[in-house]
Amino acid sequence: IDPIAPIASCDNYTVPQYNDPMFTSSTPITKFYKNAGGIANNPLASDVYAPDDVITTSIPLVVTIYAYTQAGSVPCFTDEPLVVTINKSPVIVASEVVSVTSCDNYTLLPLTVGNYFSDALHTTQITNFTLTSTQPVYVYAETATNPNCTDSDSFVVTIVPTPTIDPIAPIASCDNYTVPQY
C-alpha cells in the first residue's frame, strides 16, 4: 500500500470503500483496523472499521485507521495508516439570533460564538453594534481549519422611530376650555 495522504473533515468521517481511489496497492484493501499489525493486534470485532462506518465526535479528534491488505495463504500483510482529523463545527447559540424590535436604536449583544455581519456572504463585519435602522443581521462562525467548519444564522432588527409631538402653545381661558379634536 502506498502512503495515504491525511484527511480532515467536519464533525464526522465516513470510512471509505476498500476500492476507494485514495488507496493504491498491488493487492486490494481487505480490512480497516484501529491498530497497526493486522488481526493479531485487532482481535475484537470493535477493532475493525467497516466501509461506510461513521466516526463522530463532540470534540476535535485525530483518528488513525489502518488500511490492511494481505497476500497468500500464509498471512503476509501490510497496513498503512490513514490519519483523519475530525474538526468540530462551531454551533451558534439559537437564543442569540432572535429577531427584535426596538425604539430608535438597538445595541447588538455580545455573541458566545461567531461574529455579526451585514451581508449574507459574511464579507462585511458589523463593527458598530448600535443599529439605527431596520436591517437583517447575519451571524457566522468558523473554525479556520481545512476544511473550514462553519455555522451561520440570521435575524432581523426592526427599528421603530419614537413619534414626536409638536409643542403646544400655552392656552389661557376663563372658566372652562374645550379641548379640540385631533
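This is a short tour of one disulfide, one cis peptide bond and two residues with positive phi in a predicted model.

**Stop 1: the disulfide.** Select Cys 10 and Cys 149. These residues form a disulfide, with their sulfur atoms 2.1 Å apart. A disulfide is a covalent bond between the sulfur atoms of two cysteines. The structure holds one such bond. Cys 10 sits in strand S1 and Cys 149 in the loop between S12 and S13, so the pair ties together parts that are 139 residues apart in sequence. Now look along the S-S bond: its torsion is about -95 degrees, so the disulfide is left-handed.

Are the two ends buried or exposed? Cys 149 is buried, at 1% relative accessible area, while Cys 10 is partly exposed, at 26%.

**Stop 2: another cysteine.** Select Cys 103. This residue is exposed, with a relative accessible area of 53%.

**Stop 3: the cis peptide bond.** Select Asn 146 and Pro 147. The peptide bond from Asn 146 to Pro 147 is cis, and its omega is near 0 degrees. Pro 147 belongs to the loop that runs between strand S12 (135-142) and strand S13 (150-160).

**Stop 4: Asp 11.** Select Asp 11, in the loop between strand S1 (7-10) and strand S2 (12-14). Its phi is positive, about 70 degrees, although Asp 11 is not a glycine. Asp 11 is partly exposed, at 25% relative accessible area.

**Stop 5: Asp 175.** Finally, select Asp 175, in the segment after S13. Which sign does phi have in Asp 175? The value is positive, near 70 degrees, in a residue other than glycine. Asp 175 counts as exposed because its relative accessibility is 87%, and the cut-off for exposed is over 50%.

Technical notes:
Residues numbered from 1 in each chain as written. Predicted model: local features only at pLDDT ≥ 70, side-chain atom pairs only at ≥ 80, totals over all residues. Heavy atoms only, no water. Helix = DSSP H or I, 4+ residues; strand = E, 2+ residues; numbered from the N terminus. Buried < 20%, exposed > 50% of the residue type's maximum accessible area, 1.4 Å probe, protein only. Disulfide = S-S within 2.5 Å.
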